[in-house]
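How do the parts of this chain pack against one another? The report below starts with an interface and then turns to the interior.

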Amino acid sequence: MPSSHSVESNLSPLVPAYDSILELVPYQTGKPIEELTREYGVSDVVKLASNENPRGCSPHVTLAITEQLSQLARYPDGNGYYLKQALADFNDVSVEQITLGNGSDDLLDILARSFAGADDAIVYSQYAFIVYPMLAKIQGATGIEVPAHRFGHDLKAMSQAVQDNPNTKIVFIANPNNPTGTQLEPQELRAFMASIPSSVLVVLDEAYIEYSPESNNRALLDEFDNVVIVRTFSKAYGLAGLRVGYALSSVAVADLLNRIRQPFNVSRVALAAAAAALADSDFIEKTRLMNDEQMRWLEKQFDALGLGFIKSHANFIMVEIAVEMEDITAASIHQALLEQGVIVRPLESYGLPHWLRITVGVAEENMRLIDTLRSILTDN
């Protein structure tokens with residue numbers, strides 16, 4: 001029996017809080033290995049798309065996880081006492097300056113919800129982490145994108161944008177930057193902080209800090225109450241599947257964040273794993289050394305293939321597929337790599353349609369990438 005309801009009546013009368021939410025496009029993640037296997041029937045897959053640690057995680061993490069398996073029916077410590085203590089010691093801050101998150105993305109979301117509303121503005125750079133403009137739209141805030149300088153942050157222009165928009169509440173800065181890999185000098189950031197009103201929160205997203213320890217800006221916390229440093233265990237520590245990150249801030253800011261934070265936003269297993277990962281400095285050092293060595297090797301290979309790239313201070317490299325190459329585009333190269341079981345990240349959603357972001361893998365993965373890429377370029 002046909003329905004008597006009109007088509008229009010099937011549409012939900014519910015509307016989002018802000019029209020800008022309708023402008024959002026779901027975040028594009030790196031294609032999972034399982035999905036590629038289903039689509040193309042490729043069993044031997046190399047994933048170099050999501051900036052994960054190809055070495056995995058510390059063996060101490062595995063032990064810590066195993067010890068928690070008998071306690072999975074119990075809620076985690078909502079305050080993350082032991083992990084916070086370890087982080088406080090590691091970063092030379094008080095426990096009261098730490099906020100834990102379900103990955104650093106969770107913390108960025110908490111920061112936006114805590115400090116920005118519909119009448120406010122959020123400032124970020126062109127070619128910076130795509131989550132920043134998404135957060136502005138979610139909050140109904142005005143997103144102000146400042147043109148990049150040499151694919152990196154133009155701090156003078158960003159400072160001017162804050163001055164030109166007195167309703168600015170948050171500035172997001174990724175350092176090293178994702179997806180371009182560029183890095184800001186500590187003195188640049190200090191001068192920038194000195195130019196910003198104390199009523200504006202500056203969020204330093206240091207997701208890749210372990211690959212570039214010289215860009216550690218922990219010292220800014222001692223001088224500026226309006227700076228927050230956000231870090232993650234998903235990258236160098238190899239805990240992307242567990243989702244755990246942390247924020248360092250003034251006590252006053254941390255107090256606000258912990259009022260909004262969900263009480264059990266970090267699982268029992270993740271808390272234990274992160275504490276074990278943090279304690280294994282040898283693992284991080286070996287990860288950094290391997291990444292540096294393989295990064296230099298990849299740079300030489302891209303030079304030999306005639307491909308441009310941006311010097312990176314993280315565990316990925318942004319590679320240009322020259323537009324003058326006949327019948328070759330970043331999209332076609334990405335597709336051809338997928339069909340041969342190599343996953344990299346296209347950057348069209350970042351406004352970089354001629355570029356690919358490639359995670360630095362272990363030697364065997366990088367050789368597979370280069371061999372496959374050379375074959376594709378030669379065939380064309």
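Domain 1 and domain 2 bury about 2,000 Å² between them, and carbon and sulfur atoms give 66% of that area. On the domain 1 side, Ile-284, His-313 and Tyr-350 lose the most area to domain 2; together they make up 31% of what that side buries. The model is predicted.

**The two domains**

The domain assignment splits the chain into domain 1 (28-55 + 283-379) and domain 2 (59-279). Their C-alpha centres lie 27 Å apart. The table collects the values for this pair.

| Domain 1 with domain 2 | Value |
|---|---|
| C-alpha centres of domain 1 and domain 2 | 27 Å apart |
| Residues in contact | 24 residues of domain 1, 24 residues of domain 2 |
| Area buried between domain 1 and domain 2 | about 2,000 Å² |
| Salt bridges across the interface of domain 1 and domain 2 | zero salt bridges |
| Polar contact between domain 1 and domain 2 | seven residue pairs |

Which elements of domain 1 touch domain 2? Helix H10 (281-304), strand S10 (316-320) and strand S13 (355-359) each supply at least two residues of that side. H10 gives the most, with five residues.

**The nonpolar cores**

The largest nonpolar core holds 54 residues. Within this core, Val-171, Ile-173, Phe-233 and Leu-239 touch the most other members. Helix H9 (residues 268-279) gives the most to this core: eight residues. The core draws at least three residues from each of domain 1 and domain 2.

Take Val-171 and leave out residues up to four places away in sequence. Val-171 then touches Val-123, Met-158, Val-162 and Phe-192. Val-200, Leu-201, Val-202 and Val-203 complete its list.

Another core, of 34 residues, lies apart from the largest one. Its members include Ile-122, Ile-130, Ala-247 and Leu-352.

**A buried asparagine**

Where does Asn-51 sit? Asn-51 is in the loop between strand S1 (46-47) and helix H2 (59-68). Is Asn-51 buried or exposed? Asn-51 counts as buried because its relative accessibility is 1%, and the cut-off for buried is under 20%.

The side chain of Asn-51 makes a polar contact of 2.8 Å with the side chain of Tyr-208. Setting aside neighbours within four places in sequence, Asn-51 is in contact with Tyr-208, Asn-178 and Lys-235. Asn-315, Phe-316, Arg-357 and Thr-359 are also in contact with Asn-51.

Conventions
Residues are numbered from 1 along each chain as its sequence is written. This is a predicted model: local features need pLDDT of at least 70, side-chain atom pairs count only at pLDDT 80 or more; totals for chains, interfaces and linings use all residues. Side-chain values use heavy atoms; hydrogens and water are left out. A nonpolar core is a set of buried Ala, Val, Leu, Ile, Met, Phe, Trp, Tyr and Cys residues joined through side-chain atoms within 4.5 Å. Buried means under 20% relative accessible area, exposed over 50%, partly exposed in between (1.4 Å probe, protein chains only). Helices (H or I, at least four residues) and strands (E, at least two) are DSSP runs, numbered from the N terminus. Domain bounds come from an automatic or database domain assignment. Contact means heavy atoms within 4.5 Å. Buried area is the accessible area (1.4 Å probe) that two parts lose on being put together, summed over both. A salt bridge is a side-chain nitrogen of Lys or Arg within 4 Å of a carboxyl oxygen of Asp or Glu. A polar contact is a pair of N or O atoms within 3.5 Å; within protein, one must be able to donate a hydrogen and the other to accept it, and residues adjacent in sequence count only if both atoms are side-chain atoms.
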